[in-house]
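Open the model in your viewer and keep the selection tool at hand. The tour goes stop by stop.

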Amino acid sequence: MSEEKDVEELELDEEVIELIDDDGKVIKFKILDVTEYKGEKYALLLAAEPDEEIAEDEVVIFRLNEDEQVLEPIEDDALLEEVFEFYQQETDGEEEIES
């Protein structure tokens, strides 16, 4: 999944969205969350259905381009790790506050 993915009417409150991979295959995702990191928004997604390419508990991260209503793939592994670690720190902090 290396090319930009079109999102049909991206609504962040929808439970499931459909993305089309490079081969034209539709993959359904659940939106785990959207987070802002260094001025950019990122969508964190989980596979909504079993898939041979994506593990059920694997988080997939895309840059959210709200102007064009697309999710853009991130090729930089270091950035992916930074965004995921930032998200984990944010959610850990929220859990401590709720306790």
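Is Asp21 buried or exposed? Select Asp21 and show the surface around it. Asp21 is buried, because its relative accessible area is 7% and the cut-off for buried is under 20%. Keep in mind throughout that this is a predicted model.

**Stop 1: the loop after β2**

Stay on Asp21. This residue sits in the loop between β2 (16-20) and β3. Now show its side chain together with the backbone of the residues that follow. The Asp21 side chain reaches the backbone nitrogen of Asp23 at 2.9 Å. Add Lys25 to the selection. Its backbone nitrogen lies 2.8 Å from a polar atom of the Asp21 side chain.

**Stop 2: the aromatic pair**

Next, select Tyr37 and Phe86. How many aromatic pairs does a search of the whole structure find? The search finds one. The ring centres of Tyr37 and Phe86 are 5.1 Å apart and the planes stand at 50°, so this pair counts as tilted. Colour by secondary structure to see what the pair joins. Tyr37 belongs to strand β3 (residues 26-37) and Phe86 to helix α1 (residues 77-98). The two residues are 49 apart in the chain, and the pair links distant parts of it. Check the accessibility of each partner. Tyr37 counts as buried at 13% relative accessibility, whereas Phe86 is partly exposed at 24%.

**Stop 3: the cores**

Hide everything except nonpolar side chains. In soluble globular proteins, such side chains tend to be buried together. Here, the largest nonpolar core has 13 residues. Select Ile17, Leu19, Phe29, Leu45, Ile54, Phe62 and Leu71, which touch the most other members. Strands β2, β3, β4 and β5 each give at least two residues to this core. Then look for a second, separate core of eight residues. Tyr37 from the aromatic pair is one of its members, and others include Leu44, Ile61 and Tyr87.

**Stop 4: the largest pocket**

Turn on the surface again. The largest pocket has a volume of about 280 Å³. Which residues lie nearest its centre? Select Glu58, Val59, Val60, Ile61 and Leu80. The full lining has 13 residues. Strand β5 (59-65) and helix α1 each supply at least two of them. The largest share, four residues, comes from β5. Colour the lining by residue type. Ten of the lining residues are nonpolar, three are charged and none is polar.

Now pick Glu81 in helix α1. Glu81 counts as partly exposed at 49% relative accessibility. Draw a distance from its C-alpha atom to that of Ile61: the separation is 9.7 Å, for two residues 20 apart along the chain.

**Stop 5: two backbone oddities**

Last, open the Ramachandran view. Most residues other than glycine have a negative phi. Select Lys38, which is not a glycine yet has a positive phi of about 50°. Lys38 lies in the loop between β3 and β4 (40-47). At 68% relative accessibility, Lys38 counts as exposed.

Move on to Gln69, in the loop between β5 and β6 (70-73). Its phi is also positive, at about 55°, although Gln69 is not a glycine. Gln69 counts as partly exposed, with 38% relative accessibility.

How values were computed: Residues are numbered from 1 along each chain as its sequence is written. This is a predicted model: local features need pLDDT of at least 70, side-chain atom pairs count only at pLDDT 80 or more; totals for chains, interfaces and linings use all residues. Side-chain values use heavy atoms; hydrogens and water are left out. Rings of Phe, Tyr and Trp (its six-membered ring) pair if their centres lie within 6.5 Å; planes under 30 degrees apart count as stacked, over 60 as edge-to-face and the rest as tilted. Buried means under 20% relative accessible area, exposed over 50%, partly exposed in between (1.4 Å probe, protein chains only). A polar contact is a pair of N or O atoms within 3.5 Å; within protein, one must be able to donate a hydrogen and the other to accept it, and residues adjacent in sequence count only if both atoms are side-chain atoms. On a 1 Å grid over the protein atoms alone, a cavity is a set of points where a 1.4 Å probe fits but cannot get out, and a pocket is an open set with protein on both sides within 12 Å along at least five of seven lines; lining residues have an atom within 4 Å of a point. Grid points are joined across faces, edges and corners, and a volume is the space filled by probe spheres set on the points. Ala, Val, Leu, Ile, Met, Phe, Trp, Tyr, Cys and Pro count as nonpolar, Asp, Glu, Lys and Arg as charged, and the others, Gly among them, as polar. A nonpolar core is a set of buried Ala, Val, Leu, Ile, Met, Phe, Trp, Tyr and Cys residues joined through side-chain atoms within 4.5 Å.
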